[in-house]
Amino acid sequence: MKTTIANLKVGEKGVIEDIALENIPLTLLEMGCLPGIDVELLQIAPLNDPYYIRVNGSYLAIRKETAQQITISKL
Amino acid sequence: MGIKKSIKVALVGNPNTGKTSLFNQLTGLNQKVGNYPGITVEKKTGVLKLNEQITAEIVDLPGTYSINPTTLDEDIVLKTLVNENHEDFPDVIVVVADVENIKRNLLIFSQIKDLNIPTILVLNMSDQMRKKGITIDIEALKTELKTEIILISARKGLGIDKVKKAILNYKDLSVSSLANIKDKIDTAFFKELKESFPGNPLYKSWLLITQAENLQFISGKERKLVNSFRKDIEKINRYQHKETILRYKTINEILKKTYKLDRTQGTDLRSKLDKILTHKIWGYVIFALILFVIFQSVFDWASVPMDFIDESFASLSSWTKTVMPPGMFTDLLSEGIIPGIGGIVIFIPQIAILFLFVAILEETGYMSRVVFLMDKIMRRYGMSGKSVVPLISGTACAIPAIMAARNISGWKERLITILVTPFTTCSARLPVYAIIIALIIPQQRVLGIFSLQGLTLLSLYTLGFVSALVAGYVLHKVLKVKSRSLFVIEMPDYKLPSIKNTAITVLEKTKAFVFGAGKIILAISIILWFLASNGSSDFNNAEEIVKKETKNSDLSREEFNQQLATYKLENSYIGMMGKAIEPVIKPLGYDWKIGIALVSSFAAREVFVGTLATIYSVGDDDENNTTIKQRMAAEINPKTGGKLFNFPVGMSLLVFYAFAMQCMSTLAIVKKETNSWKWPLFQLISMGILAYIAAFATYSYLS
């Protein structure tokens, strides 16, 4: 199984390997969430969704369904 | 003397970069807030005098991460910048970026630059550079980005003069492109595109293709040409994603040479505050406390100015009556226009206070944390975490609340938010609730501390919120609207709110209410006045008829006047309307007088109280001795001989007002925001049916 942002634990980091481009908002790419970039999971909201991440110097909250579209390798 | 000249300037940038602070610094209070035609997105423009001959007309475009829009606000940026015929099409663009997030901020800069319009890059929060460990080689960056770069601190007012100077000299700026999308994505495709739209910058043609659905100005031959490029939408989407990746590649290469960040510190405050504010228990506790403080203040602080406004307009009305010669015009002024304006002004304190809080919460960065906390919960009800702001704002007035929903990016979530917001208890319902509760709920305490009347009011507020959520849930299940989740929010740094920005936001929102709802409330007040002061032939001959009828009874002058006024009201157009709907509202326990009040409530719900006051006060010269409440309490139901406003009728009215969509201004704003009559009509009818059934059930059960 692929590891995605949704598999990270709070405080863990990873490098984005692949993004299912057709399933994520373009906005996310535009914020700098791109392959090769480090991503850190800062927090998960109560009820396990959304995910609060740091990527490319931006602090973003994305929904779990989006987080599952971003494949990473853990650091 | 030279000819006066005006330069059009557009401010563009990511949200939270201080773009609006710069706008405020440049224009001061010399600004104007209007709406873009057809939609309710606020349009902020201001004038800056550059020298004796030249002024700059500055438009503060909505904050956006990209020229590719995801919300209505962001749509404006695209529409303004790709259409030379747009009234705000700029001579020069000022891109505001924040030094700390320069990489992300440069994305929109690179897009703008490719439109080949003169562009100035302003780096804000430059005073924070040393603290954050940032060093930038400005001269090298200028060369790489082919533009003028100015370091400023909008909050401290540093560097503003340099921005003014650069605007003045905009003709010296380079207009060459930055990213080369042509060669790196699909050479053949972009070559064909370039040749198909000669004279256009290539990137502009590309935007025409990718954003064709958002750009209505494309027409005829051009539209056909655009569509011929859009045959393979999958490919277009893929190229758009590739384009973004390419842009970042370019930006990264440039920044590698010019930008250094020594990240040893910086995120301390953020992580500490986040730990508490988004904690699974404390997060909600703190949010609930904040809400409590907000509501407490809205009602406590606002009551003093509201009472003052109420009294002032009442005395202005009667003063007008005494000083002006009696007649049609005086009546129109004292009974139509003045109370009409009063009905608008009275809401200003509550709306201003509520938006003061909302603005502070947004400025500090806390609101994004609320969105984060609430998103999952709200999704169950078909909404988004961003729906929290409209729902809270709805307790003041549904109009600015529905306007606040435009930040929600998914169409379905936005639509549901718009549809259910009118269920929240707005301040116009409050006077209605207050007077009915005072009539039917005894002044006693429960468990020794809680006032029964207060608890009733609290349960009506709860009813409002719960109905909004339930309605959202139902709509979520029923509505078949195709819409993809586009939920991405930025979690900004925490910061102290700027007084100037907060004040300007509050002023704008209040203005939006006054001029948005105000016009309709005033117009309807005047119509209602007309309907109440004109009527059938019986109305016109009222004096003779009443004289004839009362010939044999020995009436004092006062009693006669009262009879006359009652007779006039019954035979006025509005009385006829009340009587006409009486059979329909009878099952709810209402008579035709309440019917009149219901009809008038369409101006704004609080008119209910005013109308009843009119109905029960007409001809009553002894106004000081009896309040509306006392007069209503004394009203007898002619059939039963008991009180008209008894417990079942009162409860039925409360329930009716909780559910019914009785506000024309809200309907108008929903029409504007959803761009169709379908949704406001849906609201009017479904909420009306719900209110009727609920009120009927309440009345039948209780009586």
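The following paragraphs describe the confidence, the chain interface, the sheets and selected helix contacts of a predicted complex.

The model is predicted, with local features requiring pLDDT of at least 70 and side-chain atom pairs counted only at pLDDT 80 or more, whereas totals for chains, interfaces and linings use all residues. Residues are numbered from 1 along each chain as its sequence is written, and chains are lettered from A and ligands numbered from 1 in the order in which they are written.

The predictor assigns the complex an ipTM of 0.95 and a pTM of 0.80. For chain B the average pLDDT (the predictor's confidence in each residue, from 0 to 100) is 85, and 95% of the residues score at least 70. Among the elements of chain B (helices being DSSP runs of H or I with at least four residues, strands runs of E with at least two, numbered from the N terminus), strand β2 (residues 31-35) has the lowest mean pLDDT, 66, and α32(B) the highest, 95. Over residues 618-625 of chain B, pLDDT stays under 50, and the model has 10 contacts beyond four places in sequence for this stretch. Where pLDDT is low, the predicted coordinates should not be read in detail.

At the interface, 27 residues of chain A are in contact with 30 residues of chain B, a contact being defined by C-beta atoms, placed from the backbone, that lie within 7 Å. On the side of chain A that touches chain B, α1 (26-30) and β4 (58-62) of chain A are the elements that give two or more residues. By class, this side of chain A has 16 nonpolar, six polar and five charged residues (nonpolar: Ala, Val, Leu, Ile, Met, Phe, Trp, Tyr, Cys and Pro; charged: Asp, Glu, Lys and Arg; polar: the others, Gly among them).

Strand pairing also links the two chains. β4(A) pairs with strand β12 (residues 488-490) of chain B in the antiparallel sense over three bridges, where pairing requires at least two bridges found by DSSP. A:Ala61 has B:Ile489 as its bridge partner in β12(B). The resulting open sheet has six strands in the order β5(A)-β1(A)-β2(A)-β3(A)-β4(A)-β12(B), with antiparallel pairing. β5 (70-74) of chain A and β12 of chain B stand at the edges with a single partner strand each, so one side of each is left without a neighbour in the sheet. From one strand to the next, the twist averages 40°. Strand β1 (residues 13-19) of chain A pairs with β5(A) in the antiparallel sense over five bridges, and A:Lys74 in β5(A) is the bridge partner of A:Gly14.

In chain B, strand β1 (residues 5-13) pairs in the parallel sense with strand β4 (residues 54-60) over seven bridges and with strand β5 (residues 92-98) over five bridges. B:Lys5 stands opposite B:Ile54 in β4(B), and B:Val9 opposite B:Val92 in β5(B).

Helix packing was examined in chain B. The axes of helix α31 (residues 664-674) and helix α32 (residues 678-702) of chain B come within 7 Å and cross at roughly 145° (axes are lines fitted to C-alpha atoms, for helices over the stretch in contact, and angles run from 0 to 180 degrees between N-to-C directions). B:Leu667, B:Val670, B:Lys671 and B:Thr674 in α31(B) meet B:Trp679, B:Pro680, B:Gln683 and B:Leu684 in α32(B). This contact of α31(B) with α32(B) has five nonpolar, two polar and one charged residues.

Conventions:
Contact = placed C-beta atoms within 7 Å.
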